[in-house]
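Please open the structure in a viewer and keep the sequence panel at hand. The tour proceeds by selections, each followed by a description of what is found there.

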Amino acid sequence: MRYKERAYLDHMAVFVKDIQWSISFFEDVFHMCVVRTDGPSESPAQVWLGGGLQLVAMPELEKGEGRSAHLGINVENLDACLEAAYARGVKELPKGHNWIELPDGLQIEVMSASKEKIDWYFSKA
């Protein structure tokens with residue numbers, strides 16, 4: 001089975017050692033402001049920045065060890081996409097049926113997007 005509708009990357013989640021430093025860096029250098037916060041603003045567990053980047057606090061990271069947390073992908077037809085994914089033997093994650101793990105460990109959050117949102121994205125691409 002093959003998923004035949006449109007999809008696009010919604011966000012990329014990355015682990016960061018010092019979340020406050022990272023927030024300041026992305027705000028000052030790329031003008032990506034915080035649009036959503038998980039936890040207190042002075043010490044959030046994670047933040048989402050305009051531009052599709054999610055920063056996830058992981059103070060125990062070692063230098064040079066940067067790791068991604070997951071990909072967030074928007075699709076036109078969530079059920080059809082997940083059916084195609086599970087037919088290929090991916091693993092369902094505890095976060096929900098729309099969270100999958102590929103055999104190499106890459107985690108993907110599959111999200112439904114309206115036709116209008118997909119049309120808008122592809123008109124800009």
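## First selection: Gly52

Gly52 counts as partly exposed, because its relative accessibility is 22%; partly exposed denotes values between the buried class (under 20% relative accessible area) and the exposed class (over 50%), computed with a 1.4 Å probe on protein chains only. The model is a predicted one, in which local features need pLDDT of at least 70 and side-chain atom pairs count only at pLDDT 80 or more, while totals for chains, interfaces and linings use all residues. Residues are numbered from 1 along each chain as its sequence is written, and side-chain values use heavy atoms, with hydrogens and water left out.

Gly52 is located in the loop that links β3 (46-49) and β4 (53-57). Helices (H or I, at least four residues) and strands (E, at least two) are DSSP runs, numbered from the N terminus. Now add Asp10 to the selection: the C-alpha atoms of Gly52 and Asp10 are 6.1 Å apart, although 42 residues separate the two in sequence. Which residues is Gly52 in contact with, leaving aside its neighbours within four places in sequence? They are Asp10, His11 and Met12, where contact means heavy atoms within 4.5 Å.

## The whole chain

Zoom out to the full chain, which has three helices and eight strands. Their order along the sequence is β-α-β-β-β-β-α-β-β-β-α. Along the principal axes, the C-alpha atoms fill a box of roughly 45 × 35 × 25 Å. Of the 125 residues in the chain, 34% are buried. With a surface representation switched on, the accessible surface is about 7,900 Å², and carbon and sulfur atoms account for 54% of this surface; the areas come from the Shrake-Rupley method with a 1.4 Å probe, and for residues only the protein chains shown count as cover. Among contacts between residues at least 6 apart in sequence, 61% join residues at least 24 apart.

## Strand β4 and its partners

Select β4, a mostly covered strand in which four of the five residues are buried. Two strands pair if DSSP finds at least two bridges between them. β4 pairs with β3 in the antiparallel sense over four bridges, and Gln46 has Val56 in β4 as its bridge partner. β3 and β4 form a hairpin with three residues between them. In the turn, Gly51 has a positive phi of about 110°.

Next add β1 (residues 7-16), which pairs with β4 in the parallel sense over five bridges. Here the bridge partner of Val16 in β4 is Ala57.

## Ser22 in helix α1

Move to Ser22, which belongs to helix α1 (residues 19-30). Is Ser22 buried or exposed? Ser22 is buried, because its relative accessible area is 6%. Apart from neighbours within four places in sequence, Ser22 is in contact with Val16 and Leu55.

## The nonpolar cores

Select Tyr3, Leu71, Val75, Cys81, Leu82, Ala84, Ala85, Val90, Ile100, Ile108 and Val110: these 11 residues form the largest nonpolar core. Such a core is a set of buried Ala, Val, Leu, Ile, Met, Phe, Trp, Tyr and Cys residues joined through side-chain atoms within 4.5 Å. Colour β5 (68-75), α2 (78-87) and β8 (107-112), the elements that give two or more residues to this core. The greatest contribution comes from α2, with four residues. A second, separate core has eight residues, among them Val16, Ile23, Phe26 and Val47.

## Strand β8 and its partners

Keep β8 selected and show β5: the two strands run parallel and are joined by five bridges. Asn74 has Met111 in β8 as its bridge partner. Then show β7 (residues 96-101), which pairs with β8 in the antiparallel sense over three bridges. Ile100 stands opposite Ile108 in β8. With neighbours within four places in sequence left aside, Ile108 is in contact with Leu71, Ile73, Asn98, Trp99, Ile100 and Leu102.

## Last selection: Arg88

Finish at Arg88, in the loop between α2 and β6 (91-93). Arg88 is exposed, because its relative accessible area is 70%. Select Met1 as well: the C-alpha atoms of Arg88 and Met1 are separated by 8.4 Å, with the two residues 87 apart along the chain.
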